[in-house]
Each structure stands twice: as C-alpha cells, then as structure tokens.
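Trainee: Pick one spot in this structure and take me through it closely, please. I'd like to hear who touches whom there, and how that spot ties in with the rest.

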Amino acid sequence: MADGFIRWYRESAATPVFGEQARLFAEYGIHLAHPVTGEATAVDVEGEDVPIGREELALLLGRRIASITINWWLSADTNVLDSFGYEPLGCEVQTLWLDGLTVDEAHRVESAVTAATTRLPTPTRAVIVDRQGATDPEDWDSPVLYDGDELPRFPDAVVARGPVADKLVARAPGLVREPAGAHLHRVTRGPGTV
C-alpha cells in the first residue's frame with residue numbers, strides 16, 4: 001500500500017489559481033518558500049530539491065505541459081511533497097503526501113485543502129483523505145475522473161460532488177454524508193463503523 005496522502009481532483013481553470021492556493025495554505029502555516037533559504041523548491045527525478053523562482057513555478061503549472069512535484073514547508077525541517085498532474089479530461093490532480101508528518105501536521109494539510117475546495121474559484125471534483133495509505137492514489141481515478149463504478153476500499157474521508165458521494169454511501173453501509181459547501185459532500189465513517 002501507499003503512504004498516507006490527500007488527493008485533490010479539480011477542474012482545470014482557465015486562469016491558474018496557484019498564487020491563491022499559496023496564500024490560502026500560508027494561512028494554515030504551510031509555505032511555498034523554505035523558512036531559512038526563502039526559496040521555493042521543485043523535486044527532480046532523483047528526488048533532489050531544486051530551487052525554483054515562484055514566477056517560474058507558477059508559469060510551469062499554468063502551462064499544464066508536464067507533471068511537477070514541489071515542496072510545501074511546515075517548518076525548516078518538515079515538508080509536504082505535492083505532485084501536480086493533469087488529465088486530458090480537463091482535470092488537475094494534486095497528491096499531497098503525508099508520510100513523516102505528525103497527526104497535527106497532517107490535520108493542518110487536510111484543513112488547508114478542505115478550505116481550498118470552497119474558497120478557490122476552481123470547482124473541486126473530489127478530495128480523498130487516506131491518512132494511512134489504505135489505498136493507492138490512482139485507485140480513485142476511475143470513480144472520480146471517468147465515472148467508473150469500481151470503488152476502492154473506503155479511506156478516512158472523501159469530499160466529493162453528489163455522484164461520487166452517492167456511490168460511496170450506497171455501496172458502504174455505515175458511511176455518513178454531510179454538506180461541505182460548494183456542491184460538495186463530506187463522507188466519513190459513522191460512529192461504530194470500522
């Protein structure tokens with residue numbers, strides 16, 4: 001199984017919202033620039049940090065020509081890897097990796113992404129929160145991107161539009177669905193459900 005992750009599916013925006021996302025994440029103590037060096041960093045194919053200017057990073061993300069992985073910083077020693085990818089069906093996919101984070105740090109990342117679903121202008125299709133890595137991130141592509149009927153094992157929480165939320169609740173007894181704003185629903189396990 002994978003490490004813990006949050007996978008965020010959203011519609012491709014005509015205008016990139018990366019700057020807005022960076023400002024919103026900063027409200028949760030998650031920064032693009034390293035606290036000591038002051039530089040943003042992308043991750044190369046060998047897994048090494050490569051300094052990259054914020055404008056250059058925004059330009060690369062805005063062009064949607066290739067996947068890119070960056071670091072978000074919670075402290076000088078604690079980072080969150082964030083892989084940006086693009087699907088041909090007009091969807092942007094971000095996978096934020098939670099491995100190595102404390103429970104509080106992982107909760108901050110989850111809160112920032114959840115807030116972004118209602119505060120950024122780009123509509124969200126779904127957010128998959130799998131803190132333990134019970135599923136693989138790509139397991140969710142079929143139901144979220146392609147309206148597939150095959151659902152992976154339920155993770156910790158799913159924030160999704162009606163059709164995905166409906167499928168989850170219909171197929172797994174004990175799940176609870178509640179409104180999450182912006183036409184989204186948060187689906188979690190009900191009390192006593194494992």
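**Around one arginine**

Mentor: Let's start with R177, whose contacts, leaving out residues up to four places away in sequence, are G162, A165, D166, V169, H185, R186 and V187. Keep in mind that this is a predicted model. R177 belongs to strand β9, which runs over residues 175-181. How exposed is R177? It comes out as partly exposed, because its relative accessible area is 33%, and that falls between the 20% and 50% cut-offs.

Now take those contacts in turn. One of them, V187, is 10 residues along in sequence from R177, yet the two C-alpha atoms sit 4.5 Å apart in space. Two others, G162 and A165, are in helix α5 (residues 162-171), where they are buried along with V164, K167 and L168. What do those buried residues pack against? The list is α4, β8 (157-161), β9 and β10. That puts the strand of R177 among the partners of the helix.

Between β9 and β10 (184-189) there is a loop, and A182 is found in it. H183 lies in that loop too. Have a look at the backbone there. A182 has a positive phi of about 55 degrees, although it isn't a glycine. H183 also has a positive phi, near 65 degrees, and it isn't a glycine either. As for exposure, A182 is partly exposed because its relative accessible area is 47%. H183 is exposed, since its relative accessible area is 74%, and exposed means over 50%.

Next, follow R186, one of the residues that R177 touches. R186 forms a salt bridge with E110, and the closest N and O atoms are 2.9 Å apart. That pair joins distant parts of the chain, with R186 in strand β10 and E110 in helix α3, 76 residues apart. E110 has another partner as well: its side chain meets that of R131 in a salt bridge, at 2.9 Å from N to O. Here, too, distant parts of the chain are linked: E110 is in helix α3, R131 is in the loop between β7 and α4 (141-145), and they are 21 residues apart. Put D156 in with these and you have a network of salt bridges linking E110, R131, D156 and R186.

Is E110 buried or exposed? It is buried, because its relative accessible area is 5%, well within the under-20% class. Its partner R131 counts as partly exposed, because its relative accessibility is 35%. The general idea behind such pairs is simple: side chains of opposite charge can pair when their charged atoms come close.

For contrast, stay in helix α3 (residues 103-119) and look at E105. E105 is buried but has no salt bridge, and the nearest side chain of opposite charge, R108, is 4.8 Å away. Why doesn't that count as a salt bridge? The 4.8 Å separation doesn't meet the cut-off, because the nitrogen and oxygen have to be within 4 Å. Leaving out residues up to four places away in sequence, E105 touches L74, T78 and G100.

How many salt bridges does the whole structure hold? A search finds 11. Besides the ones around E110, consider E11 and R125, whose side chains meet at 2.7 Å, N to O. They tie strand β1 (residues 5-11), home of E11, to strand β7 (residues 124-130), home of R125, across 114 residues. E11 counts as buried because its relative accessibility is 17%. R125 is buried too, since its relative accessible area is 14%.

One last stop, away from our arginine: the empty space inside. There is one cavity of 30 Å³ or more, and its volume is about 100 Å³. Its lining includes R10, F18, Q21, R64 and E92. The elements giving two or more residues to that lining are α1 (18-27), α2 (54-63) and β5 (79-87). By class, the lining has six nonpolar, two polar and three charged residues.

Methods
Residues numbered from 1 in each chain as written. Predicted model: local features only at pLDDT ≥ 70, side-chain atom pairs only at ≥ 80, totals over all residues. Heavy atoms only, no water. 1 Å grid on protein atoms, 1.4 Å probe; cavity = no way out; pocket = protein on both sides within 12 Å on 5 of 7 lines; lining within 4 Å. Points joined across faces, edges and corners; volume = space filled by probe spheres on them. Helix = DSSP H or I, 4+ residues; strand = E, 2+ residues; numbered from the N terminus. Nonpolar A, V, L, I, M, F, W, Y, C, P; charged D, E, K, R; others polar. Buried < 20%, exposed > 50% of the residue type's maximum accessible area, 1.4 Å probe, protein only. Lys, Arg positive; Asp, Glu negative; His and termini not counted. Contact = heavy atoms within 4.5 Å.
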